[in-house]
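Here are my notes on this one, as numbered points. Have the sequence and the model open while you read.

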Amino acid sequence: MPVQFLQALTSPHRSMRSDFHLGVYMAFVAGAVNAGGFLAIARYTSHMSGIIAGIGDDLALSRLLPVLGGLSLLAAFLLGAMTTAMIVSWGRRRAIHSQFALPLLFEAFLLLIFGFVGDHLSFYVPLTVPAIALLLCFVMGLQNAIVTKVSRAEIRTTHMTGVITDIGIELGKLLYWNKSQEANQHHFVEANRDRLKTHASIFLMFLLGGIIGAISFKKFGFISVVPLSLSLMVIAVLQVFRDIKNIYKRLIEGKEGC
């Protein structure tokens, strides 16, 4: 059962249940990486709204270097999303099991590098801080695109603005009184409770990830990211092994045919 559950998380054959489970866990990861990354470099990297606003502010103040820095972070996030799209498209064209698992595995390796190498990058802060920021923005772009692709753009995990907006919309519907019977026949206001549950869970897991990520980074430093990386590897590697097994099987059958 645990193996089947983990395989379903990155299976190309999606269900609302698997989308929900993957979404809430990836929200936890994003919250932890975002909070830990802020303690490391004093910058949030999981969402682009503040970075884009900062670019506008710096342009208005004629500060060219911060503008270039902001554009670099934006480009890194964009490149991460592009990378996921290309990997998933490549996997779909070949009908492989690991089309969603491969970008997730890539994210896991990048976080592993961040966890093991981060502590050794403090020797030249002016260079390493921008490098870490670029890495984390790339990772967050990669991750946001993964969940967006698997859920058909229903779920986002690296930023909460849209999530909280959707929670507010569904709560507004839930609390609407529907007093007029005549109006009810024309349009009965009813909340989508499944959608409310999904977005509320994502919000809570992002918050929990932020709390745990900040506490663990404060106590253990960069190495605190390693368990997150290993957990993503466990989730991703099962589908990758299925594809490796299928390739090996075809090679054996081909040899036997010869």
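1. A bit of bookkeeping before the pockets: in the residue counts below, Ala, Val, Leu, Ile, Met, Phe, Trp, Tyr, Cys and Pro go down as nonpolar, Asp, Glu, Lys and Arg as charged, and everything else, Gly included, as polar. By that scheme, the lining of the second largest pocket splits into eight nonpolar residues, three polar and one charged.

2. Staying with that second largest pocket, its space comes to about 230 Å³. Around it sit Ile41, Ala42, Arg43, Pro66, Gly69, Gly70, Ser72, Leu73, Val129, Pro130, Ala133 and Leu134. Two elements, α4 (64-93) and α6 (125-150), each give two or more residues to this lining. Helix α4 supplies the largest share, with five residues.

3. Now the largest pocket, which holds about 360 Å³ of space. Its lining has 15 residues, and Met16, Phe20, Asp194, Arg195 and Thr198 are the ones nearest the centre. Here α2 and α9 are the elements that give two or more residues. What is the split of this lining into nonpolar, polar and charged? It works out as three nonpolar, five polar and seven charged.

4. Keep in mind that this is a predicted model. The mean pLDDT over the protein chain is 89, and 93% of the residues reach at least 70. Which element has the lowest mean pLDDT, and which the highest? Helix α8 (residues 181-186) is at the bottom with 68, while helix α9 (residues 193-220) is at the top with 95. Where pLDDT is low, predicted coordinates shouldn't be read in detail.

5. On the overall picture: the protein chain has ten helices and zero strands. Reading from the N terminus, the elements go α-α-α-α-α-α-α-α-α-α. The C-alpha trace spans about 75 × 60 × 35 Å along its principal axes.

6. One helix pair to look at is α1 (residues 2-9) with α2 (residues 16-41). Their axes come within 8 Å and cross at roughly 85°. Angles from 65 to 115 degrees count as roughly perpendicular, so that is how α1 and α2 lie to each other.

7. Which residues make that contact? From α1 there are Phe5, Ala8 and Leu9, and they meet Ser18, His21 and Leu22 of α2. The residues of this contact divide into four nonpolar and two polar, with no charged ones. Set beside that, the lining of the largest pocket includes seven charged residues, and α2 is one of the elements giving two or more residues to it.

How values were computed: Residues are numbered from 1 along each chain as its sequence is written. This is a predicted model: local features need pLDDT of at least 70, side-chain atom pairs count only at pLDDT 80 or more; totals for chains, interfaces and linings use all residues. Side-chain values use heavy atoms; hydrogens and water are left out. Axes are lines fitted to C-alpha atoms, for helices over the stretch in contact, and angles run from 0 to 180 degrees between N-to-C directions. Helices (H or I, at least four residues) and strands (E, at least two) are DSSP runs, numbered from the N terminus. Angles under 35 degrees count as roughly parallel, over 145 as roughly antiparallel, 65 to 115 as roughly perpendicular and the rest as oblique. Contact means heavy atoms within 4.5 Å. pLDDT is the predictor's confidence in each residue, from 0 to 100. On a 1 Å grid over the protein atoms alone, a cavity is a set of points where a 1.4 Å probe fits but cannot get out, and a pocket is an open set with protein on both sides within 12 Å along at least five of seven lines; lining residues have an atom within 4 Å of a point. Grid points are joined across faces, edges and corners, and a volume is the space filled by probe spheres set on the points.
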